[in-house]
Amino acid sequence: MTFLTVFVLILSLFTVHAAANQDVPYHFGFKKSKGGQLPSIDQEGFKGIVDKHEAIFLGDTSKKELFLTFDNGYENGFTPRILDILKEKKVPATFFVTGHYVKDQPELLKRMTAEGHIIGNHSWSHPDMTQISNERIKEELDKVKQAVAEVTGQKEMAFLRPPRGIFSDRTLAVSKKLGYTNVFWSIAYKDWDTKAQKGWKYAYDSVLAQLHPGAVILLHSVSRDNAEALGKIIDAARAQGYEFKSLDLLSPTLPHPAP
């Protein structure tokens with residue numbers, strides 16, 4: 001075996017190994033904030049990948065700013081009330097929608113954009129994107145973007161929340177190349193199980209216990225608890241000196257709105 005043959009073999013093995021590492025799946029998780037301390041992803045094994053691709057986990061932790069986001073996979077009857085509260089309280093939000101939601105709730109989508117909220121991409125069919133090809137990722141995201149534009153007139157779509165919080169180096173790279181900033185979160189609780197709702201006070205306490213500067217809050221709009229607690233959460237956060245800001249402020253590519 002010649003030196004050149006050995007070199008080519010080693011290079012091939014290295015390439016295969018590197019490609020495999022790009023597709024190691026991660027489930028987003030974090031060390032929760034307690035007592036106003038900052039949350040952390042330092043121990044989760046993926047901080048370098050998140051940083052490399054300029055994904056959002058936190059805002060500016062030197063400022064008492066909060067960024068409110070909702071995942072809308074399907075409608076459970078509570079989004080109209082959520083929008084009423086946001087309008088009353090003058091709070092901007094970002095709604096990450098699936099293809100099902102776009103097809104099923106065009107009027108709510110129109111209301112979101114009319115009232116100044118951002119619609120983000122949550123993929124067309126909510127797949128584990130680490131298990132599909134680059135071409136399929138593009139198709140999943142393009143379909144949502146195009147359908148939302150047809151319904152609402154929102155031509156640009158800058159933010160993506162990976163379905164199920166599952167991602168890899170490859171999926172972050174592919175979606176970033178398509179113009180998306182991946183948005184994770186630094187405040188969340190188990191709110192998505194519609195059969196395990198525990199009352200507005202549980203939702204209120206779960207969010208308030210985790211408040212910290214620069215927080216990206218993840219709520220699911222299917223939760224009755226969230227709809228009933230939202231106004232109280234907003235009022236309590238403001239009483240602590242927090243302000244609710246638009247996610248545009250955190251985009252590495254979009255022009256930032258005036259404060």
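Helices and strands are here taken as DSSP runs, of at least four residues for a helix (H or I) and at least two for a strand (E), numbered from the N terminus. On that basis Ser-123 is placed in the loop that connects strand 4 with helix 6 (134-152). The model is a predicted one, and this loop is a convenient point of entry to it.

The chain as a whole contains nine helices and nine strands. Of its 259 residues, 51% count as buried. Among contacts between residues at least 6 apart in sequence, 74% join residues at least 24 apart.

Strand 4 (residues 118-121) leads into the loop that holds Ser-123. In a regular strand, side chains alternate between the two faces of the sheet. In strand 4, Ile-118 and Gly-120 lie on one side and Ile-119 and Asn-121 on the other, and all four are buried, so that both faces of the strand are covered. Strand 4 runs parallel to strand 3 (residues 93-97), and four bridges join the two. Within this pairing, Thr-94 stands opposite Ile-118.

Ser-123 itself has a relative accessibility of 0% and therefore counts as buried. Beyond its neighbours within four places in sequence, Ser-123 is in contact with Val-97, Thr-98 and Gly-99, with Glu-140, Leu-141 and Val-144, and with Pro-163. Val-97 belongs to strand 3, given the range of that strand, while Glu-140, Leu-141 and Val-144 fall within the range of helix 6. The backbone of Ser-123 is also notable: its phi is positive, at about 85°, although the residue is not a glycine. Most residues other than glycine have a negative phi. His-126 shares this feature, with a positive phi near 60°. His-126 likewise belongs to the loop between strand 4 and helix 6. In contrast to the buried Ser-123, His-126 is partly exposed, with a relative accessible area of 28%.

His-126 also leads to the largest pocket, which holds about 380 Å³ of space. Seventeen residues line this pocket, and those closest to its centre are Asp-71, His-122, His-126, Trp-192 and His-220. Strand 2 and strand 8 (215-220) are the elements that each give two or more residues to the lining.

Strand 2 (65-72) is preceded by a loop that begins after helix 2, and Asp-60 is found in this loop. Asp-60 is partly exposed, its relative accessible area being 31%. The side chains of Asp-60 and Ser-62 are joined by a polar contact of 2.6 Å. Asp-60 also reaches parts of the chain remote in sequence: leaving aside neighbours within four places, its contacts are Pro-213, Gly-214 and Leu-250. The C-alpha atoms of Asp-60 and Ala-215 are separated by 8.4 Å, although the two residues are 155 apart along the chain.

Charged side chains provide further links. Side chains of opposite charge can pair when their charged atoms come close. Across the whole structure, a search finds 13 salt bridges. One of them joins Asp-169 to Lys-52, with the closest N and O atoms 3.1 Å apart. Asp-169 lies in helix 7 (residues 169-177) and Lys-52 in helix 2 (residues 47-52), so this bridge ties together parts that are 117 residues apart in sequence. The two partners differ in their surroundings: Asp-169 counts as buried at 10% relative accessibility, whereas Lys-52, at 48%, counts as partly exposed. The value for Lys-52 falls in the partly exposed class because only residues over 50% are called exposed.

A second salt bridge is formed by the side chains of Arg-111 and Asp-84, at 2.6 Å from N to O. Arg-111 is in helix 5 (residues 106-114) and Asp-84 in helix 3 (residues 79-89), and the pair links parts of the chain 27 residues apart. Asp-84 is partly exposed, with a relative accessibility of 35%. These two residues are not isolated, for Asp-84, Arg-111 and Glu-115 are linked in a network of salt bridges.

Helix 5 also contains a local pair. Lys-110 and Glu-107 both lie in this helix, three residues apart, or about one turn. Their side chains meet in a salt bridge of 3.2 Å, N to O. Lys-110 is partly exposed at 37% relative accessible area, while Glu-107 counts as exposed at 53%.

Note on methods. Residues numbered from 1 in each chain as written. Predicted model: local features only at pLDDT ≥ 70, side-chain atom pairs only at ≥ 80, totals over all residues. Heavy atoms only, no water. Salt bridge = Lys/Arg side-chain N within 4 Å of Asp/Glu carboxyl O. Buried < 20%, exposed > 50% of the residue type's maximum accessible area, 1.4 Å probe, protein only. Pairing = 2+ DSSP bridges. Contact = heavy atoms within 4.5 Å. Polar contact = N/O pair within 3.5 Å; in protein donor to acceptor, adjacent residues only side chain to side chain. 1 Å grid on protein atoms, 1.4 Å probe; cavity = no way out; pocket = protein on both sides within 12 Å on 5 of 7 lines; lining within 4 Å. Points joined across faces, edges and corners; volume = space filled by probe spheres on them.
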